[in-house]
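Here are some comments on how the helices pack and on what lies in the nonpolar interior, set out as numbered points to be read beside the coordinates.

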Amino acid sequence: MKLIVTNDDGIKAEGLRTLVRLASRWGEVVVVAPAEPQSGIGHQLTTDRPIRVDKLTEERYRIWGTPADCSRLALNCLASDGDWVLSGINHGGNLGVDVYESGTVAAAREAAIHGCKAVALSHYTVKGRLIDWPLAAERLRPILDDVLNGTLEAGYFLNVNLPHPEHNRTCLETKRAPVDPSPHRTTFSQTDDDFLYTGIYQERWRQPASDVDLCFKGHISLSKIAV
């Protein structure tokens, strides 16, 4: 099995390194990741200028473009025989309406559009608490084992979010959940001519049993999303 790994936090991100180590359990890993952080860039694509590609090793490429660019280049030029695109592990949740603005999710969506199976992987974070990346890998391992050895129909991709509980238990319950359509609380503060978004992620609205609700309650949320 050939696994293409990308992200939106950039090629130096610890979440990417963690996912590469984890993914190597199931096959050959090819990294095709942005040169710089691209968080919140959504599904932006580069079509009006050349995209610089640095071949760092035979299985590692640094892309001067967006996460969606990375998926396109990987599947069309750099690793066209890839079986899956794994995007993440994002430093921060990609829950609910985040799926529209997230570069992590966009990389998975772009892969699915081109007919490749894909999953976006993110780690919700509680303010002031650090991510334990080895623990995150152990929590994701059984999920990826199920996903990579399972089936996924064309026209869909998966979105997985780890919670950030205070305990260090490895085994967490994974629950399939719909994507919550609730908007973020859009509050702003004004200084002179500027407006600063002051909404708090943890205080967002959420529907019961949605991906946001379940992840906030300490479960791993798994959502199947149509392209």
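1. The model is a predicted one, and I begin with a pair of helices, of which α1 passes α4 in a right-handed crossing. The axes of α1, residues 14-23, and α4, residues 133-148, come within 10 Å and cross at roughly 45°. An angle that is neither under 35 degrees nor over 145, and that falls outside 65 to 115, counts as oblique, and α1 and α4 are therefore oblique to each other.

2. On the side of α1 the contact is made by Glu14, Gly15, Thr18, Leu19 and Leu22, while α4 brings Trp133, Ala137, Leu140, Arg141 and Leu144 to it. Sorted by character, the residues of this contact of α1 with α4 comprise six nonpolar, two polar and two charged.

3. The largest nonpolar core has 33 residues, and those with the most contacts inside it are Trp84, Leu86, Val119, Leu121, Leu140, Leu144 and Val160. Two or more residues are given to this core by each of the helices α1 and α4 and by the strands β1 (2-6), β2 (28-34), β5 (84-91), β6 (117-123), β7 (156-162) and β11 (220-226). The largest share, eight residues, comes from α4.

4. Val160 deserves a separate look: leaving aside residues up to four places away in sequence, Val160 touches Val119, Ala120, Leu121, Ser122, Leu140, Ile143, Ile220, Ser221 and Leu222. Apart from the largest core lies another core, of 21 residues, and among them are Val30, Val99, Ala120 and Phe157.

Note on methods:
Residues are numbered from 1 along each chain as its sequence is written. This is a predicted model: local features need pLDDT of at least 70, side-chain atom pairs count only at pLDDT 80 or more; totals for chains, interfaces and linings use all residues. Side-chain values use heavy atoms; hydrogens and water are left out. Axes are lines fitted to C-alpha atoms, for helices over the stretch in contact, and angles run from 0 to 180 degrees between N-to-C directions. Helices (H or I, at least four residues) and strands (E, at least two) are DSSP runs, numbered from the N terminus. A crossing is left-handed if the near helix is turned anticlockwise from the far one by less than a right angle, and right-handed if clockwise. Contact means heavy atoms within 4.5 Å. Ala, Val, Leu, Ile, Met, Phe, Trp, Tyr, Cys and Pro count as nonpolar, Asp, Glu, Lys and Arg as charged, and the others, Gly among them, as polar. A nonpolar core is a set of buried Ala, Val, Leu, Ile, Met, Phe, Trp, Tyr and Cys residues joined through side-chain atoms within 4.5 Å. Buried means under 20% relative accessible area, exposed over 50%, partly exposed in between (1.4 Å probe, protein chains only).
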